[in-house]
Amino acid sequence: MKILIIVPAYNEEASIEYVIKQIKNQKIENCQIDIAVINDCSQDKTSEIAKAHNVIVIDLINNLGIGGAVQTGYIYAFENNYDIAVQIDGDGQHNPEYLKSLLDPIISNNCDIAIGSRFINKNNPAYRSSFLRRIGIKILANVLSLLTSQKITDATSGFRAANKKVIRLFAENYPDDYPEPETFVILYKNNLKILEVSVKMNERYGGKSSINAIDSIYYMIKVLIAIFIDFFKGK
Amino acid sequence: MEQLTPIITPKFKILAIVIALATISYIIFKIRQGRLHIKHSLLWLAVSCVMIVLATYPKFFFYISQQLGFILPINALTFFSIIFLLIIIFNLTLTISNLQNKIKKLTQELAILKTKINNQK
């Protein structure tokens, strides 16, 4: 099986090397694993560092934001006929040790997309993000659970593995900014099976998060509106 | 019917018409330079023509504004101008979104093509 690991990165020179090394440490039987770093027009050395580690580096000449960058990865996976695409953020929040847990349900055909969740296992002690952010995620998760008639616990997780059907869908249709919560609705509308898998996430390995306090209010409003519009617009 | 008292002086009438004509020539100049699409220019040409008509026959507009229930014609003018501007601005936002999508697709395609070429080397 051909697997593509999509690593969106914007100014992640502090963490990208660590992330690539961690991914390379993972061995999955009978699978060819390629890493594609999508460099979203970083001003720092992200691209050079990634190239030095002999991975596929896709340099965007305009900054497209996380949605456009991740979608580029899916388009690349689609055009090069990958069986599975996995998203792992370039900031080190997603622990590649869970790669196998995400891939297993896809390989055994239990679901179309496996999404790493910090909250599905209540005893999960690792990094769960700040208090306010948790409330935001909780609200989004409840709204999404209601709309998709399925229990969703981690609405903002960008740590996911997708099969060919999802790759084709995302290559064509992927939301722009703050895309994760919206994708649940898009997947549901296209009758694709979502499965949440328990993972632990780390605090950022280096660099700074791209979302601050005022942005989060904008984020919640924008995402909620987008979710409802997606839900009512049909396929 | 209450007596309508047009307050457009001949001086102002000429000024308005001159501005409108200058606008029309400037738009045509820009089209000939190839810097304005005809599609986008029609709207502005229409605005200039409406301006000429209003300046030439102010009584006509006074009458309409009164029929629509405006107490002062100037209120009608402001009201319609703002609505018209909002429509234009909204259309511009539509265009921006459209362009944004196109730029996104171009950027993605270009990046993937470049990667492909580098891989072949």
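Buried area is the accessible area that two parts lose on being put together, summed over both, with a 1.4 Å probe. Keep that in mind for the first stop. One caution as you look around: this is a predicted model.

**Stop 1: the contact between the chains**

Show chain A and chain B together. Between them they bury about 1,200 Å², and 59% of that is on carbon and sulfur atoms. To colour the contact, you'll need 16 residues from chain A and 13 residues from chain B. Now pick out A:Ile61, A:Leu64 and A:Glu79: in chain A these lose the most area to chain B, together 32% of what that side buries.

Next, select B:Lys104 and A:Asp176. They form a salt bridge, with the closest N and O atoms 3.1 Å apart. The count between chain A and chain B is 1 salt bridge, so no need to hunt for another by the 4 Å rule. For polar contacts, the count between the two chains is 6 residue pairs, both partners at pLDDT 80 or more.

Which elements give two or more residues to the side of chain A that touches chain B? Select S3 and H3 of chain A, and you have them. H3(A) gives the most, with 6 residues. Colour that side of chain A by residue type and you get 9 nonpolar, 4 polar and 3 charged.

**Stop 2: the sheet in chain A**

Hide chain B and switch to cartoon. Chain A has an open sheet of 7 strands, with mixed pairing, and the order to trace is S3-S2-S1-S4-S6-S5-S7. At the edges sit strand S3 (56-59) and strand S7 (194-198), each pairing on one side only. Going from one strand to the next, the twist averages 20 degrees.

Zoom in on strand S4 (residues 84-87) and strand S6 (residues 160-162) of chain A, an antiparallel pair with 3 bridges. Which residue of S6(A) does A:Ala85 stand opposite? Click across and you land on A:Ala162.

Now add the helices. Helix H3 (residues 65-79) of chain A packs on the sheet and touches strand S1 (2-9), strand S2 (32-39), S3, S4 and S6. The direction of H3 makes about 160 degrees with that of S1(A). Then bring up helix H7 (residues 180-189) of chain A, which also packs on the sheet, touching strand S5 (113-117), S6 and S7. Here the angle to the direction of S6(A) is about 30 degrees.

**Stop 3: a salt bridge within a helix**

Last selection: A:Lys21 and A:Glu17. Both lie in helix H1 (residues 16-24) of chain A, 4 residues apart, about one turn of the helix. Their side chains meet in a salt bridge, 3.5 Å from N to O. Over all chains, the count comes to 8 salt bridges.

Note on methods:
Residues numbered from 1 in each chain as written. Chains lettered and ligands numbered in written order. Predicted model: local features only at pLDDT ≥ 70, side-chain atom pairs only at ≥ 80, totals over all residues. Heavy atoms only, no water. Pairing = 2+ DSSP bridges. Axes fitted to C-alpha atoms, helices over the stretch in contact; angles between N-to-C directions. Contact = heavy atoms within 4.5 Å. Polar contact = N/O pair within 3.5 Å; in protein donor to acceptor, adjacent residues only side chain to side chain. Nonpolar A, V, L, I, M, F, W, Y, C, P; charged D, E, K, R; others polar.
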